[in-house]
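Let's take a friendly walk through a protein fold. Have the sequence and the 3D view ready, and look for each part as it is named.

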Amino acid sequence: MHGGAAHSDPPSDGSPGPSGRDDGTAEAPSCGFSAIRFSLGSQSLASAPCPSGPPKRFPVAAVDAILKDVLGSYLREQPYEPARCRDMAKDIAEVIQARVKDLMVPRYKIVVVTHIGQLNEQSMQIGSQCLWDPASDTFSSYVFRNTSLFALANVYAVYFE
């Protein structure tokens, strides 16, 4: 995976953002925090046959619902506090990763990236890009805002043959 593309001002309607992985190269103000979590299902890859692609597509709609639920439940009444948001970005990424893994979609590597920042009449660009197969790999993205903060959560699902 390689970084590069830019994403500006996350959409407020929760629509998907760009595909890829945040590689930490985007310039971010000191008021934002990010967390990255990734995992590969527990299926033994050495004993599995090499199929030409996934037997079914990754459930993007289910992951969209998870993102909306987790971000809303953790951040709905949360004021922006730098130290607390740093910890929450990590916690939220772990919760999202666990809930996506509970969907038990075999052979997908799951990467979860969360960003939390202060809403203070500024803009932020978050860059991500990924080298992948568009026939089998996908992503889900959701933007949450309350009166004092914004949060962006991306889940990248990369099929592992």
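What follows goes from the overall layout to the helices, the core and a few single residues.

**The overall layout**

Keep in mind that this is a predicted model. The protein chain holds two helices and six strands. Reading along the sequence, you meet them in the pattern β-β-α-α-β-β-β-β. The chain has 161 residues, and 43% of them count as buried. Among contacts with a separation of 6 or more, 83% link residues that are 24 or more positions apart.

**Two helices, side by side**

Start with helix 1, residues 60-75. With 16 residues at 1.5 Å a residue, helix 1 should span 22 Å, and its end C-alpha atoms are indeed 22 Å apart, so the two values agree. Several residues of helix 1 are buried, including Val 63, Ile 66, Leu 67, Val 70 and Leu 71. Here is a useful idea for reading such a list: an α-helix has 3.6 residues a turn, so residues three or four places apart point the same way. What do the buried residues of helix 1 pack against? Their partners are helix 2 (82-101), strand 3 (108-118), strand 5 and strand 6.

Two packed helices are described by the angle between their axes and the distance between the axes. For helix 1 and helix 2, the angle is about 145° and the axes are 10 Å apart. Their crossing is right-handed. On the helix 1 side, the contact includes Val 63, Ile 66, Asp 69 and Tyr 74, while helix 2 brings residues including Met 88, Ile 92, Val 95 and Arg 99.

**The nonpolar core**

In soluble globular proteins, nonpolar side chains tend to be buried together. In this model, the largest nonpolar core has 29 residues, and Leu 75, Ile 96 and Ile 116 have the most contacts inside it. Helix 1, helix 2, strand 3, strand 5 and strand 6 each supply at least two residues of this core. Which element gives the most? That is helix 2, with seven residues. Outside its own stretch of sequence, Ile 96 touches Leu 67, Val 70, Val 112, Thr 114, Ala 153 and Val 155, leaving out residues up to four places away. A second, separate core has five residues, among them Met 124, Ile 126, Phe 150 and Leu 152.

**Buried or exposed?**

Now compare three residues by their relative accessibility.

| Residue | Relative accessibility | Class |
|---|---|---|
| Thr 114 | 2% | buried |
| Met 104 | 69% | exposed |
| Glu 121 | 86% | exposed |

Thr 114 belongs to strand 3. A polar atom of the Thr 114 side chain lies 2.8 Å from the backbone oxygen of Ala 89.

Met 104 sits in the loop between helix 2 and strand 3. Its phi is near 50°, a positive value in a residue other than glycine. Glu 121 lies in the loop between strand 3 and strand 4 (128-129). Glu 121 is not a glycine either, yet its phi is positive, at about 55°.

**A serine in a loop**

Finally, find Ser 148 in the loop between strand 5 (138-145) and strand 6 (149-159). Which atom does the side chain of Ser 148 reach at 2.9 Å? The backbone nitrogen of Tyr 80. Leaving aside neighbours within four places in sequence, Ser 148 is in contact with Gln 78, Pro 79, Tyr 80, Gly 117, Gln 118 and Leu 119.

Methods
Residues are numbered from 1 along each chain as its sequence is written. This is a predicted model: local features need pLDDT of at least 70, side-chain atom pairs count only at pLDDT 80 or more; totals for chains, interfaces and linings use all residues. Side-chain values use heavy atoms; hydrogens and water are left out. Helices (H or I, at least four residues) and strands (E, at least two) are DSSP runs, numbered from the N terminus. A polar contact is a pair of N or O atoms within 3.5 Å; within protein, one must be able to donate a hydrogen and the other to accept it, and residues adjacent in sequence count only if both atoms are side-chain atoms. Contact means heavy atoms within 4.5 Å. The expected span of a helix is 1.5 Å times one less than its number of residues. Buried means under 20% relative accessible area, exposed over 50%, partly exposed in between (1.4 Å probe, protein chains only). A nonpolar core is a set of buried Ala, Val, Leu, Ile, Met, Phe, Trp, Tyr and Cys residues joined through side-chain atoms within 4.5 Å. Axes are lines fitted to C-alpha atoms, for helices over the stretch in contact, and angles run from 0 to 180 degrees between N-to-C directions. A crossing is left-handed if the near helix is turned anticlockwise from the far one by less than a right angle, and right-handed if clockwise.
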